[in-house]
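Let's take a walk through this one together, a stop at a time. Have the viewer open and be ready to jump from one chain to the other.

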Amino acid sequence: MELVESFTIGFSVILGWKPLLIIVTGVIFGILAGAMPGLSPSTAVALLVPFSYTMSPALALILLTSIYIASNYGGSITAVLINTPGTPSAAVTAMDGYPLTQQGKAGKGLGTALVASTIGGAVGVLILILFAVPLARVALKFSPADYCALALFGLATVASMSRGNVIKSMVAILFGLLIKTIGTDPISGVSRFTFGNDMLYDGFTLIPALIGLFAISVVFSKFETWTGVGRVMDKIDNKLPSMQEFLKIKYTILRSSIIGTIIGIFPGAGATIAAFISYDMSKRASKEPEKFGHGSLEGVAAAESANSSSVGGALVPLLALGIPGSATDAVLLGAFMLHDLVPGPMLFQDNPEIVYGIFSALIVANIVMLFLGLYGNRLFIKVVSVPEAIMYPVILAIAIIGSFAVNGSMFDVAACIGFGVVGWFFKRYGFPVAPVVLGIVLGKMVEENFRRAVMMDGYGVFYRDKLAFIVLLIAFFSFVWPLYKAWRHHRQPATSGNDEAKI
Amino acid sequence: MEYFSEGTGLFTWTIALVLISSGIYTGLRYSRMKDYSGQAIIPLIMIVFSLVLWAVTLDFPTEDAGPALIPRLWIFWLILLSTVLLFFCFTGKIDKDPKRGRIGFLGIGVGLIVAYYFAIEHLGYFISSFLFLAVTMYMLSYRKPITILLVGTGWVLFSYLVFYKLLYIQLPLGFIEDFI
């Protein structure tokens, strides 16, 4: 009964022309941003945070979560049509989506991606509601040591699950954590690393840093590899898959949606890993595994349902514990902070209209996405075809005005450009950028809770508190295990004549 | 040691660290591991950055679980892991440097955005945004003047209506403020 009452509150927030218009706008922007190669969901959400500045917190978060869910689908459009994934997770969709286009069945590929995304998104939201509410209740009893351990666990899994070099990911996280220590110490009030600059007393503002790391760095990377050759899109057919074809892949969609949501819950795993694992499992379970990679509708459905459902999963730790599970969640956390809200168990008690408003908006956004996808794909494709020579300068202009708008400060603009250069440099040498952001976002949570726990109960609290101890142990092994595996792999003699393994 | 936490001491410490790390980079650049020298840049910057901040923490109040505790913890791990990465650069157990892209072109792009930053303060947001968009599009080989004009004007109008009028963001007006 309580859940029904809460949802009544949630739907009352979104039923009205203004919230519905915001959801539609968010979905359209999300699809377009997701479809543009180079603009990830986190970049799309980061660019729109400043636009939500003067909205009510509920409407702002409804806008941003609508963008989040739709951008995951948007990535599949260019993946299917031109073999250029708009988002990293759509790379898996391209494996079967593009062969469909080559066979003249682009409509079937896009239709399957759309329906699978919608169902995946809905399953993700359902599991989000089922998990987040009870988890938030349990989290009310967590001590500072538990919170510190959970945040460290989140950071450790982000490092261990990132593709590529684990040590580079860890360096990126530590850099973010160290950046977060700049400014006034949250407990003693001592100024740290401000070098007498008043603008640094509160540390770097989160949103400009996010925009710099996610948006400006992408444009800089594009400049470095600039060829001046634009994308070319052929005319596409618009024939959707038949009902029979949909029924054939129903179990694939359902299975992948559940897998995607569960993987999404783990910090750092995200949409891409969810899509790869679901694709692999669907291939193993399929009656026609030989079709995978050659235009299989099952392949498209597995990848898309998993990456869309991972959104719901990733929101579980963010909303229930205040721990972002992905880069986009870190941006959302920044948006919560911008509106003086702290995600976590208290949010469910103090602001149920926001939590259930988000849940309700995600459900509605999925439905809106289905209709817009069915009737608007042709239009989206035209918009996405905008020349990159126009798109990138406009992204830079949005980034600059967005970072200025947060505090009306040119220092934030300078910081945004600075973080853009750092982000480009990191990307160039294979250091992931998302862990830097997660370090910045979780730094305060780790520090405050760690020091509170030590001040209250001494350093032994992390040994005496059972939950904190177990979580820290898991965090330690989840960090050390990939390092050990890489070390073992490195010690084995090369059998195929390939380059030796890189740690 | 506290001498190095501020003023001349900190400056000397920073310069010494920069010189040492530049020496290490140059050594690597001209050794047989030169293909990995680029990979050493970020670990070296991280080590210098960490050691400079560590010197600053020497001036922080010394108390149990005090303000220096967490920064020093992160600094310790950052130096340790960066040193490991640096070791891999010297032994070739890391990815080779990426191919050199159009760094000059990127430099122009970064230069334009820095010029845009300074222009906002002097020319004001609207004029400098129009100029920035037009020049950047031209730099990216876009050669349709009408579209360039439309995009620039469209962005100025959009930012004026949405940010200036709707969201009440006080965008810098520069010298045109004197004429309003």
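Start inside chain A, with a lysine: K108(A) has a relative accessibility of 15%, so it counts as buried. Keep in mind throughout that this is a predicted model. What does the side chain of K108(A) meet in a salt bridge? The partner is E245(A), with N to O at 2.9 Å. K108(A) belongs to helix α6 (residues 106-139) of chain A and E245(A) to helix α10 (residues 243-248) of chain A, so this pair ties together parts that lie 137 residues apart in sequence. The glutamate sits in another class: E245(A) comes out at 24% relative accessibility, so it counts as partly exposed.

Now for another salt bridge in chain A. The side chains of R192(A) and E447(A) meet at 2.8 Å, N to O. R192(A) is in strand β2 (residues 191-192) of chain A, while E447(A) is in helix α19 (residues 434-457) of chain A, so the two tie together parts 255 residues apart in sequence. Are these partners buried or exposed? R192(A) is buried, at a relative accessible area of 1%, and E447(A) is buried as well, at 3%.

E447(A) has something else going on. Its side chain also meets that of R451(A) in a salt bridge, at 2.6 Å from N to O. This pair stays within helix α19 of chain A, where R451(A) and E447(A) are four residues apart, or about one turn of the helix. The geometry follows a general rule: an α-helix has 3.6 residues a turn, so residues three or four places apart point the same way. R451(A) is buried too, with 0% relative accessibility. Step back a little and you can see that salt bridges with shared partners join D185(A), R192(A), E447(A) and R451(A) into one network. Over all chains, the salt bridges come to 10.

Stay in chain A for a serine. S310(A) lies in helix α13 (residues 297-321) of chain A, and at 3% relative accessibility it counts as buried. What is S310(A) in contact with, once neighbours within four places in sequence are left aside? The answer is G260(A), T261(A), G264(A), G270(A), A271(A) and A274(A).

Next, look at helix α2 (residues 17-35) of chain A. With 19 residues at 1.5 Å a residue, helix α2 of chain A should span 27 Å, and its end C-alpha atoms are indeed 27 Å apart, so the two values agree. The buried residues of α2(A) include P19(A), I22(A), I23(A), G26(A) and V27(A), and also G30(A), I31(A), L32(A), A33(A), G34(A) and A35(A).

Time to cross over to the other chain. Chain A and chain B bury about 6000 Å² between them, with 83% of that on carbon and sulfur atoms. Which three residues supply more of the area that chain B buries against chain A than any other three? They are I42(B), W74(B) and L140(B), which supply 12% of it. The contact draws 62 residues from chain A and 72 residues from chain B. Between chain B and chain A there are zero salt bridges, but nine residue pairs are in polar contact, both at pLDDT 80 or more. On the side of chain B that touches chain A, the elements giving two or more residues are α2 (41-57), α3 (69-91), α4 (103-123), α5 (125-139) and α6 (145-166) of chain B. α3(B) gives the most, with 12 residues. By class, that side of chain B has 51 nonpolar, 13 polar and eight charged residues.

Let's follow α3(B) itself. This helix has 23 residues and reaches 33 Å from its first C-alpha to its last, close to the 33 Å expected at 1.5 Å a residue. W74(B), one of the three residues picked out above, is among the buried residues of α3(B), along with others including I70(B), P71(B), I75(B), L78(B) and L81(B). Just after α3(B), G92(B) takes a positive phi of about 75°.

One last stop in chain B: A134(B), in helix α5 of chain B. A134(B) has a relative accessible area of 19%, so it is buried, the cut-off being under 20%. From A134(B) to P145(B) is 11 residues in sequence and 8.8 Å in space, C-alpha to C-alpha.

Notes: Residues are numbered from 1 along each chain as its sequence is written. Chains are lettered from A and ligands numbered from 1 in the order in which they are written. This is a predicted model: local features need pLDDT of at least 70, side-chain atom pairs count only at pLDDT 80 or more; totals for chains, interfaces and linings use all residues. Side-chain values use heavy atoms; hydrogens and water are left out. Contact means heavy atoms within 4.5 Å. Buried area is the accessible area (1.4 Å probe) that two parts lose on being put together, summed over both. A salt bridge is a side-chain nitrogen of Lys or Arg within 4 Å of a carboxyl oxygen of Asp or Glu. A polar contact is a pair of N or O atoms within 3.5 Å; within protein, one must be able to donate a hydrogen and the other to accept it, and residues adjacent in sequence count only if both atoms are side-chain atoms. Ala, Val, Leu, Ile, Met, Phe, Trp, Tyr, Cys and Pro count as nonpolar, Asp, Glu, Lys and Arg as charged, and the others, Gly among them, as polar. The expected span of a helix is 1.5 Å times one less than its number of residues. Buried means under 20% relative accessible area, exposed over 50%, partly exposed in between (1.4 Å probe, protein chains only).
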